[in-house]
Amino acid sequence: MSILKKIENFREEEERLKWEGTFADYLDMLKEKPLVAQTAHSRVYNMIKDAGVEEVNGKKEYSFFKEQLYGVEESLEKLVEEYFHSAAKRLDVRKRILLLMGPVSGGKSTLVTMLKRGLEQYSRTDNGAVFAIKGCPMHEDPLHLIPNHLRKDFYEEYGIKIEGNLSPLNMMRVEEEYGGRIEDVIVERIFFSEDKRTGIGTFSPSDPKSQDIADLTGSIDFSTIAEYGSESDPRAYRFDGELNKANRGMMEFQEMLKCDEKFLWHLLSLTQEGNFKAGRFALISADELIVAHTNESEYKSFISNKKNEALHSRIIVMKVPYNLKVDEEERIYKKMIADSDLSHVHIAPHALRVAAIFTILTRLKEPTKQGVDLLKKMRLYNGESVEGFNSQDLAELKQEDPDEGMSGIDPRYVINRISSAIIRKQLTSINALDVLRSIKDGLSEHASISKEDRERYMDFIAVARKEYDTIAKKEVQKAFVYSYDESAKTLMDNYLDNVEAYCNKNKLRDPLTGEEMTPDEKLMRSIEEQIGISENAKKAFREEILIRISAYARKGKKFDYNSHERLREAIQKKLFADLKDIVKITTSTKTPDESQLKKVNEVIARLIDEHGYNSTSANELLRYVGSLLNR
Ligand SMILES: Nc1ncnc2c1ncn2[C@@H]1O[C@H](COP(=O)(O)OP(=O)(O)OP(=O)(O)O)[C@@H](O)[C@H]1O
Ligand SMILES: [Mg+2]
């Protein structure tokens, strides 16, 4: 569909969604769909819920966050259940400011932005629809029109609780424009939009000396005072502060703890009492979610200040720690790169993974559990199986330190180091070693890392590098072995013939001479040793394989190269050991002969076609693995 067509469709959709009617019409609608009158907190909760909730291992995962936030499901579950869900039920947490606390670049702003964009979308859906008194700068809840003395009756009839009082402006309008007939007041459907300042606001403190509370609560409109004659005439007031504009939706309070106290007190009364004071008016009711964010040190210094005690008790703090799973960290980098201007650069396979390994290591706390080292912990956290440990151990590890994930290297640092390496060297292709090197070089310039941490991090660079060596060798090994698929098959058949003869205490027949031979012990052992099968264990291993073969035969399945995981590994390793020499020669200065060159080219082609390399990174990989083997 062309973009012009889409624009047209969008406009038509806008028209279709519009609704306008009298307050009486609105009440009719409420009878059918009471959800329309939900509070701001409830709407946020329903937005998240409606996007889909999945139970994974007894934990809730919300589709709403899935596209942008990875690996922080547990914190999100806590946030949604303990804050949004409770707040939606009108529990007391609703009356507190939500403060997201987490380390730098840990996704706090991403989370808040998702909520904002989400609400904009949601207000356009049936379940998320919002209605307001038409012409009100604060898009006031129409139900405020119901006078206090009738609210009990209203509740009995509609089952809806009304909170908040009609604003001075609308009170005046009802009298002047509608002659006191509230049922005639025009109500319209509104659509949240940060750009249009409807239902979504952002407040970010500026210089404390020049910052005016009016930014939050609006101000007297001096141009109209003369017309209305008095400062206390609400028509002479502009209800255009962020708190006004965010009514019914949410307001993001950036750098809240850096803000002047008097601003915070306004917020407190708003959250606690559901109203705030503006100009010379009675309190103005507002219903909105207030989200702020901060880092740990800022928060600590805030609560250590006695003066902030009262504020403190009215804030609910939710942690947004770093992700601690390698797989998810890799996804974060991929997303950030796709969003950046680096997306045209070739990033060799495993480059991001190796960076992620390093990063996660910096975030993990040293385990105290017996037999677990940091690397094992990292694997367990990533959902990999580690011999001797189960999900119970994983749960225990996670309990060890509640502060885990609140420090370490942030994702933005890694992306910055990758882009700096690319720009500095004008690379069009970058591999794992380039990335690690750049991360390492950057550590000394990183202002906020202590000397102690820097030393630890250097060790982690070495650990990540070792992990890469293993990955790289495996990768080349696999590529080599695949080009030798035939040889692998032959070798396996040969091995199986020998194993069969060995177990049945038979002789083999030489296919050429027809002579009888005893099973080739040397050949069998050379394969078994590749996966560490001892002399004592060889018999059991061979028998196990025969059993597997007959089980396959019984089911009419063909036993092949892939039917036994460990056997396949052994064969691959054996072949690779034999092929090592070729790798060594072809990647050293010695000139390979023609047939060797052909094989190497096949391997490179395979790396490119099937493993995501380009010719630069494939050649680099081979050269690197060659150098590892030559050590
Ligand atoms: N768990 C995560 N999942 C997906 N992306 C993440 C995650 N954590 C961080 N990011 C990415 O890292 C970048 C920085 O995140 P963001 O700006 O949201 O962090 P922040 O906590 O607001 O940081 P700051 O403290 O610097 O304001 C973003 O591109 C974000 O998408
Ligand atoms: Mg931020």
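1. Let's start with Arg554, and with whether it is buried or exposed. In this predicted model, Arg554 has a relative accessibility of 69%. Exposed means over 50%, so Arg554 counts as exposed. You can find this residue in helix H24, which covers residues 538-554.

2. Now look at what surrounds that arginine. Which residues gather with Arg554 in a patch of positive charge on the surface? They are Arg548, Lys555 and Lys557.

3. Next, try the other end of the numbering, at Ile7. This residue belongs to helix H1, made of residues 3-17. Its relative accessible area is 44%. Partly exposed lies between the 20% and 50% limits, and therefore Ile7 is called partly exposed.

4. Ile7 also has a part in a patch, this time a nonpolar one. Together with Ile3 and Leu4, Ile7 makes a nonpolar surface patch of about 330 Å².

5. Please have a look at Glu255 too. Where is Glu255 found? Glu255 sits in a loop, with strand S10 (250-253) on one side and helix H12 (261-273) on the other. With 36% relative accessibility, Glu255 is another residue that counts as partly exposed.

6. Which residues does Glu255 touch, once its neighbours within four places in sequence are left aside? Glu255 is in contact with Pro205, His293 and Glu298.

7. Finally, here is a pair to find in the 3D view. Glu255 and Asn494 are separated by 239 residues in sequence, and their C-alpha atoms are 70 Å apart in space.

Definitions and conventions
Residues are numbered from 1 along each chain as its sequence is written. Chains are lettered from A and ligands numbered from 1 in the order in which they are written. This is a predicted model: local features need pLDDT of at least 70, side-chain atom pairs count only at pLDDT 80 or more; totals for chains, interfaces and linings use all residues. Side-chain values use heavy atoms; hydrogens and water are left out. Patches are made of residues with over 30% relative accessible area and no salt bridge: like charges are joined within 9 Å, nonpolar side chains (Val, Leu, Ile, Met, Phe, Trp, Tyr) within 5 Å. Accessible areas come from the Shrake-Rupley method with a 1.4 Å probe; for residues, only the protein chains shown count as cover. A salt bridge is a side-chain nitrogen of Lys or Arg within 4 Å of a carboxyl oxygen of Asp or Glu. Lys and Arg count as positive and Asp and Glu as negative; His and the chain ends are not counted. The place of a charge is taken as NZ of Lys, CZ of Arg, CG of Asp or CD of Glu. Helices (H or I, at least four residues) and strands (E, at least two) are DSSP runs, numbered from the N terminus. Buried means under 20% relative accessible area, exposed over 50%, partly exposed in between (1.4 Å probe, protein chains only). Contact means heavy atoms within 4.5 Å.
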